[in-house]
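Here is a quick walk through one model, from a strand and its neighbours to cavities, rings and a few single residues. Have the viewer open while you read.

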Amino acid sequence: MGMIRDSYGRLTNYLRISITDRCNFRCLYCMPPEGVPLLPREEILSYEEIIQVVKTAIGLGITRFKITGGEPLVRSGIIDFLKTLVQTPGVQWVSLTTNGLLLQKYASQLIDSGINSINVSLNSLKADTFARLSGGVDGLNDVRAGIDALLNCGYKNIKINTVVVNGYNDDEIPDLARLTITQPIALRFIEYMSCGNWQEKSSGWTISARELISQIGRLGRLSPASAGQLGQGPARYYQLQGAKGVIGFITAVSQPFCVTCNRLRLTADGQLKSCLLSTDTVDLKPIISSNPQLADAFIRAAMLKPGVHHNEELTTMSRIGG
């Protein structure tokens, strides 16, 4: 098995795979209120094509995979695809990111598929704020029921992702943090990052993790904690005294973690992206049947990775899976 290092010496061992650009939310931080033009279905990679890409990636030392969207659970056949991916020789870790709206329906099947971790977006505990942030979707009860379904099945590797948006959900930080006291979850607060030209008014939306830690500290002592079984990632974890779960902070804005970046991203239409905020891509779709060309494309994409991310691209997170 080979290994890919980029021009800065960073090892690449993790691939985020967007399997669809469709989504049943229109989150404030992800796409404009009117939505975005959807890719023609024939441009979306088939599951067979994705598995071919994965097999090539494994041969290059990429063994960790995250399945994203859009919303991955809206694509038919997702469970069988996940089972195939998990059982592919050389795959060491598979996780899924979901907005949770369909999670209750799929919870037991997701667990049975053998995936290692499930990330669920939960940006508010208030129905009205939840709807404002999700683009008008009244889905809070469905998302919470989905999380409860995972917990009731005894599933341990649950990450709850909260994008903190100043003026929207910044008053809920302590209440969200309290969820970790009684539930064995990793609740991760994510600094808001502007990513699209519809967000000109969003300059004051970002709250730093330092401020969040200050707020949560009022609940009790926060001690550094390990990620445990949750896998590697950019979050720094802490724990309230006596809590069953942990609290993580992802500081892409105030303290970028580019120096340890180990990932590439595959879009739903087969573009291999070197960086979330970069326009540098390599088109895999025409060469998927050629393993040598695919391998070369991965190496080229890794070498395109910048040392530090720059906001070069006004894009929508829904197209690239965040």
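## A strand with company on both sides

Strands β7 and β8 (residues 186-191) run parallel and are joined by 6 bridges. Here strands (E, at least two residues) and helices (H or I, at least four) are DSSP runs, numbered from the N terminus, and two strands pair if DSSP finds at least two bridges between them. One place to look is Ile160, which stands opposite Leu187 in β8. Strand β6 (residues 117-121) also runs parallel to β7, with 4 bridges joining the two; there, Asn119 has Lys159 of β7 as its bridge partner.

A word on ground rules: this is a predicted model, where local features need pLDDT of at least 70 and side-chain atom pairs count only at pLDDT 80 or more, while totals for chains, interfaces and linings use all residues. Residues are numbered from 1 along each chain as its sequence is written, and side-chain values use heavy atoms, with hydrogens and water left out.

So how many residues of β7 are buried? For strand β7 (residues 158-164), the count is 7 of 7, where buried means under 20% relative accessible area, exposed over 50% and partly exposed in between (1.4 Å probe, protein chains only). Both faces are covered: one side carries Ile158, Ile160, Thr162 and Val164, the other Lys159, Asn161 and Val163, and all of these are buried.

## Two cavities

Rolling a probe the size of a water molecule over the atoms shows where empty space is left. In this structure there are 2 cavities of 30 Å³ or more. A cavity is a set of points, on a 1 Å grid over the protein atoms alone, where a 1.4 Å probe fits but cannot get out, and lining residues have an atom within 4 Å of a point. Grid points are joined across faces, edges and corners, and a volume is the space filled by probe spheres set on the points.

The largest cavity comes to about 70 Å³. Its lining is made up of Leu122, Arg144, Ile147, Asp148, Ile160, Leu179, Gln183 and Ile185. Helix α5 (residues 140-152) gives the largest share of that lining, 3 residues. By class, the lining of the largest cavity has 5 nonpolar, 1 polar and 2 charged residues (Ala, Val, Leu, Ile, Met, Phe, Trp, Tyr, Cys and Pro count as nonpolar, Asp, Glu, Lys and Arg as charged, and the others, Gly among them, as polar).

The second largest cavity has a volume of about 50 Å³. Around it sit Phe25, Cys27, Tyr29, Ser121, Leu122, Asn123, Phe130, Leu133 and Ser134. That lining has 6 nonpolar and 3 polar residues, and no charged ones. Leu122 turns up in the lining of the largest cavity and again in that of the second largest.

## Rings meeting rings

The whole structure holds 4 aromatic pairs. Rings of Phe, Tyr and Trp (its six-membered ring) pair if their centres lie within 6.5 Å, and planes under 30 degrees apart count as stacked, over 60 as edge-to-face and the rest as tilted. Phe25 and Phe130 make one edge-to-face pair, at 5.9 Å centre to centre with 90° between the planes. Phe25 is in the loop between β3 (14-18) and α1 (47-59) and Phe130 is in helix α4 (residues 127-133), so the pair ties together parts 105 residues apart in sequence. Phe25 counts as buried at 5% relative accessibility, and Phe130 does at 4%.

Tyr238 and Phe249 also pair edge-to-face, 5.7 Å centre to centre and 65° between the planes. This pair links strand β10 (residues 236-240), home of Tyr238, to strand β11 (residues 246-250), home of Phe249, with the two residues 11 apart. Tyr238 counts as buried at 18% relative accessibility, and so does Phe249 at 0%. Add Phe189, and these rings form one aromatic cluster with Tyr238 and Phe249.

## A few spots to click on

The charged end of Arg75 sits over the ring of Tyr47, 4.0 Å from its centre (the rule is NZ of Lys or CZ of Arg within 6 Å of the ring centre and within 35 degrees of the ring normal). Gly69 and Gly70 are joined by a cis peptide bond, with omega about 15°; Gly70 belongs to the loop between β4 (64-68) and α2 (78-87).

Thr12 is in strand β2 (residues 11-12) and is buried, at 0% relative accessible area. Lys55, in helix α1, is partly exposed at 48%.

Key
1 Å grid on protein atoms, 1.4 Å probe; cavity = no way out; pocket = protein on both sides within 12 Å on 5 of 7 lines; lining within 4 Å.
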